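Here's a quick look at how one protein chain is put together. Have the model open while you read.

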Amino acid sequence: MKINEFGKTKNGEQTHLFTLENSNGMKVKVCDYGATLVSLIVPDKDGKDTDIVLGYDNVDPYQGASAFFGANVGRNANRIKGARCIIDGVEYNLESNDGDNGNNLHSGSNCTALKMWKAIYDENVNDKISFEILSKDMEQGFPGNFTAFVSYTLTEKNELVLDYKGTADKDTIVNMTNHSYFNLAGHDAGAESVMNHLVQIHAEEYTPTDKLLIPTGEIAPVAGTPMDFTTPKKIGQDVDADFEQLIMAGGYDHNYALTRKKGEMREAAVVWCEESGIQMKVYTDLPGMQFYIGNFIEQENGKAGCVYGKRSGFCMETQYYPNACNEEKFESSLLKAGEEYHTTTV
C-alpha cells in the first residue's frame, strides 16, 4: 500500500493519505483525518485516468470545511429538527449549527468527519483499509461512548465497498454516511457536466421537507413531480422547475425512500456520464438516500487549482431518513446499548 503524508492538523497531528488500487487501473485515496475519501480515480472511455471525487490537495481545507467533501459523517448525518432528540424519555440538546434554522446538521462541530481516526491496515495489502474512532459520551450531545469503524475495500469488480460497524455502551443515535461529491466527467469538469449526467434512482417515494429542509413526516410519491428519477433523466432536466420542494432547497437536496426499513443490499441508483463514458452504481442496505447536487457550494478552492462552484458535484448519501430519531413514521436510528450498528454501501 502506498502511504504519503498529507499535512498536519491544527492540533499538530500528522495525517496520511493511503492509496488502494486494483488491477484494472482504479485507485482510491483516503485520509485518516475524517476517514475521508479524497480521490476516486477510474479510466474513462479513452483509458484516461479520471478523478471523479471533489476534494483538496492536503488536509488543511478539510478542517472545518462546510461542504464535507469526501467525509464520513457521524454519529448522525443530515439534519435533526430543533437540535434535540429524546432517548429513553430523556431529552438531549445538540449543537444548533444549521445556519439560523435552529437545527443540528451532521452532528455539529464535533462531527467524526472533523476528527482524526486510527488507521488499521497491512502495508502488503493494496485493496483494503479500516479506520476506528471513539465518539465519547456526550461529546456531540448524544449519550454513550460509541466506537465506530469504517472500512474501504476496492474489489476487482471496480466496487468501492464502505462497511460501517459500531457499538455503544448506552442507547444512542447513530446514522453514518459518506458525503462524497462526484462528477463523472472529472472532479474539475464543472456544473454543466453534472447537469448533463443521466440519473436513475430506484425509489418511488421521497420525504418532502419544510422550508428548513426538515422532513415533514410525509412519505410522498415521486410520480408526476420533478422528483421522479424512476426512469433515467438528466439532473438538469427539471432542477429549476416551479416546484415548491426544489425552490425551498435550491435544487435537489432530498431523501429518497428506497425502502421503508433497513434490509437486504439492493441497487439504489445508477448515474451515467456520456462525456467520459463512466457509469456509477450505488448499492446499500439502508432505507434512504440523500440526493444532493451541491446547491450550497461557493467558490471552493479544490484539487490541482480547481475552483468548485454551485452544483459542481452530486452526492448520494445512504442513510436512515433525516430526523428519524424524532419522527415516529420513519424507521428509528436508535442504537441500543450493546447491539451492533452495521451497514454497507457500495
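Helices and strands here are DSSP runs, with at least four residues for a helix and at least two for a strand. By that count, the protein chain comes out with two helices and 29 strands. Keep in mind that this is a predicted model.

How does the overall size look? The radius of gyration of the protein chain is 19 Å, which agrees with the value near 20 Å that a compact globule of 346 residues would have. Some whole-chain numbers side by side:

| Property of the protein chain | Value |
|---|---|
| C-alpha box along the principal axes | roughly 55 × 50 × 35 Å |
| Exposed area | about 14200 Å² |
| Distance between mean positions of positive and negative charges | 1 Å |

Carbon and sulfur atoms supply 44% of that exposed area. The charges behind the last row are 31 positive and 51 negative ones.

On to the inside. Buried residues account for 57% of the 346 in the protein chain. Taking contacts between residues at least 6 apart in sequence, 64% join residues at least 24 apart.

Which residues touch the most other members of the largest nonpolar core? They are Ile201, Tyr252, Tyr256, Phe291 and Met316, in a core of 67 residues. Strand E13 (residues 146-154) gives the most to this core, with five residues. Apart from this core lies another one, of 25 residues, including Cys31, Ala65, Ala71 and Leu114.

Phe291 deserves a click of its own. Leaving out residues up to four places away in sequence, Phe291 touches, among others, Val199, Ile201, Phe229, Ile235, Tyr252, Tyr256, Phe314 and Met316. Asp253, His254 and Cys315 are also among the residues Phe291 touches.

How values were computed: Residues numbered from 1 in each chain as written. Predicted model: local features only at pLDDT ≥ 70, side-chain atom pairs only at ≥ 80, totals over all residues. Heavy atoms only, no water. Rg over C-alpha atoms; globule rule 2.2 N^0.38 Å. Buried < 20%, exposed > 50% of the residue type's maximum accessible area, 1.4 Å probe, protein only. Contact = heavy atoms within 4.5 Å. Areas by Shrake-Rupley, 256 points an atom, 1.4 Å probe, with all protein chains shown as cover. Lys, Arg positive; Asp, Glu negative; His and termini not counted. Charge placed at Lys NZ, Arg CZ, Asp CG, Glu CD. Core = buried A, V, L, I, M, F, W, Y, C linked by side-chain atoms within 4.5 Å.
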